[in-house]
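Subject: Structure handover

Hello,

Here is the structure I said I would pass on. Please open it next to this email and find each residue as you read.

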Amino acid sequence: MSFKPSPHPEPQAKTSNDVHHELKRTLSVWDLIIYGMIFMVPIAPMAIYGQVVQTANGMVVLTYFIGLVGMIFTAFSYARMSEAFPVGGSAYAYVQRGWNPMVGFMAGWMILLDYILVPALLYLVAASWLTQLVPSIPTTVWIVAFVVFNTAVNFFGVQMTNRANWVMLVIELATFVLFCGAALVYVAGHKDGTSFTLAPVFQKQGFSLSMVGAATSIAVLSFLGFDGISTLSEETKGGRKTVGRATIWALIFVALLFMILTYLAAVAYPDFRHFPNANVAFYFIAERVGGTWLKMLSLVVTVLASGIANALAAQAAISRLLFSMGRDRVLPPVLAKIHPKFRTPYVSILLVAVVSLIVSSLSSIDALSSLVNFGALTTFMALNISVIIHFFFRKRSGRWFSHLVMPLLGFAVILYVWINFSHTTFYFGIGWFVIGLIVLAITTRGFRKSPKALEIE
C-alpha cells in the first residue's frame, strides 16, 4: 500500500490489476448530507419515542443531545480519515490504511454484521407495520416488494438513488412540519393543561447518571448511519473534504430535528408514564394533537422511511463496502464487478438483496434488533484508535485535541454503550468475530501474507 498526496481535487482509486474498477463521481456535499440524513431517518424518534422518553424519565431532549455529543467525536474521526484516504470502504479502508491491514479486515468484517442485518431488519419492521394496516396482504409480500424496489433503484445508478433520497426526504420533512405545527397549536392553546416547559430538557428530580447512560444507549442507536456517507467516497466530487463535511453536518441536522420533534411530543403529552401502548406512543400523541389523519400519516411515512428510504441507503452502503473488500481481494473479487453502463457494483447489490430477503424471512424483529449494532460500534472503536495511531503517532501531527483527545472521547462513549449490550448479543458478535478470523487466516495463508490494500494516487 502506498499513499501519495495528489494535486488533483478528486483522487482516483485504482488497483494494479484493474484500472476499470472506478465508480462514477456525481455526488455533491449536499447530496451526501441528504444521503446521511435519509440513512439516519429524520423522523426516527417516532418509532421509539415511548421507550426513550420513559427510560429518560421524561428528559428526552437531553438524551438526544447527549447522543449527539457522543457521536460527534466519532464523526470527526470519520472526517479526518476520509480526507487522508479518499476511497470507498468506509471504516474498513480507514482502519486498514491508518492502523493495520489485518485489523482493517476485521473492522470491515465486523461492520458487515451491522450493514448486512440493517436492511433485513428495516424490511421486516416496515412489512410488519403494513401487515397491521392491511391484514389481507402477507408480510412476505411486503418484504419482497421492498427488496425488489430498492434493488432496482440501487442497480440503475447512484444518481437514481440520489433522486429517490431527495423525494423521501421531502416527504419525511413534510410530515415533520405537519406534526410540529399541530403540536405547537395544541400546546399554545393550553389544551388538556399543556404548556411549554423545560421538563423535556432537564429535571432535577429523576436525573441520574445511570438514567442518562441507559437512555443515551438507546438514543445513540438512532444516529447510526452517518458512517454510511464515507462508503460513497469514490462517487463524490469537490475534493477530499467533501465526505467529512457532509458527515458532520448530516449528524448535526438530524440531531436538531430529533430534539425539536421529541420536545414538542413531550410537551404535548407530559404524562409519559401512562401511554395506552408505549410501543406506539408517538402515534398516539400525533392523533391527540392532529387527529386520525396525522396519526396515519406519521405511521405510513415511518414505514416508508424504514422500508424504502433507510433500507435503500443501507443497501447502497453495504454494496460499496463489499465492492471495496472484493476489489482488495479479501473477499471474492466478483463482488468488485462494475456494471458497464450504470457504473454500480451490481454483483454486491444483488447479493445484499438476496441475503436481506432470506434473513428478513427467517428472523424476528427482536432477534435482529439485539444484534444489528454490535458490529458497527465495534468498528467505531477501532476507527477512533486508528486516528490516534495514524495522525498522532505515525504522522506526529502534534495536534493533541483533534488527533488524540477527540478520538479518545469518541472511543470512550462507544465503549460505554458497547459494554451494555446483552449477553446474547455478545455471544453472537464474538461468534461473528471468530468466523472473520477464520476467513482472514485463509485469505492470508495463516496470517503470513498481508491483505492487499488499494493504492491511492
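Below is what was found in it, starting with how far to trust it.

The model is predicted. The mean pLDDT of the protein chain is 82, and 91% of its residues reach 70 or more. Residues 1-20 are a weak spot, with pLDDT below 50. In the model this stretch still has 46 contacts beyond near neighbours in sequence. Where pLDDT is low, the predicted coordinates should not be read in detail.

Next, a pair of helices. Helix 5 covers residues 101-133 and helix 14 covers residues 374-394. The two pack with their axes 6 Å apart, at an angle of about 150 degrees. Angles over 145 degrees count as roughly antiparallel, so helix 5 is roughly antiparallel to helix 14. Their crossing is left-handed. On the helix 5 side, the contact is made by A107, M110, I111, L113 and D114. Helix 14 contributes F374, G375, A376, T378 and T379.

Helix 5 also holds L124. Is L124 buried or exposed? The cut-off for buried is under 20% relative accessible area; L124 has 7%, so L124 is buried. Along the chain, L124 and G307 are 183 residues apart, yet their C-alpha atoms are separated by 8.1 Å.

G307 comes up again with N150, a residue of helix 6 (residues 139-155). Which residues does N150 touch, leaving aside its neighbours within four places in sequence? They are Y123, G307, I308, A311, L312 and Q315. N150 has a relative accessible area of 0%, so N150 is buried too.

T242 can be read in the same way. T242 sits in helix 9, which runs over residues 241-268. With a relative accessible area of 5%, T242 is buried. Apart from neighbours within four places in sequence, T242 is in contact with S28, V29, L32, T236 and K237.

Last, helix 15, residues 400-418. Does its length come out as expected or not? At 1.5 Å a residue, its 19 residues should span 27 Å, and the end C-alpha atoms are 25 Å apart, which agrees. The expected span is 1.5 Å times one less than the number of residues, so the count to multiply is one short of 19. The buried residues of helix 15 are S402, H403, L404, M406, P407, G410, I414 and V417.

Regards

Technical notes. Residues are numbered from 1 along each chain as its sequence is written. This is a predicted model: local features need pLDDT of at least 70, side-chain atom pairs count only at pLDDT 80 or more; totals for chains, interfaces and linings use all residues. Side-chain values use heavy atoms; hydrogens and water are left out. Helices (H or I, at least four residues) and strands (E, at least two) are DSSP runs, numbered from the N terminus. Buried means under 20% relative accessible area, exposed over 50%, partly exposed in between (1.4 Å probe, protein chains only). pLDDT is the predictor's confidence in each residue, from 0 to 100. Contact means heavy atoms within 4.5 Å. Axes are lines fitted to C-alpha atoms, for helices over the stretch in contact, and angles run from 0 to 180 degrees between N-to-C directions. Angles under 35 degrees count as roughly parallel, over 145 as roughly antiparallel, 65 to 115 as roughly perpendicular and the rest as oblique. A crossing is left-handed if the near helix is turned anticlockwise from the far one by less than a right angle, and right-handed if clockwise.
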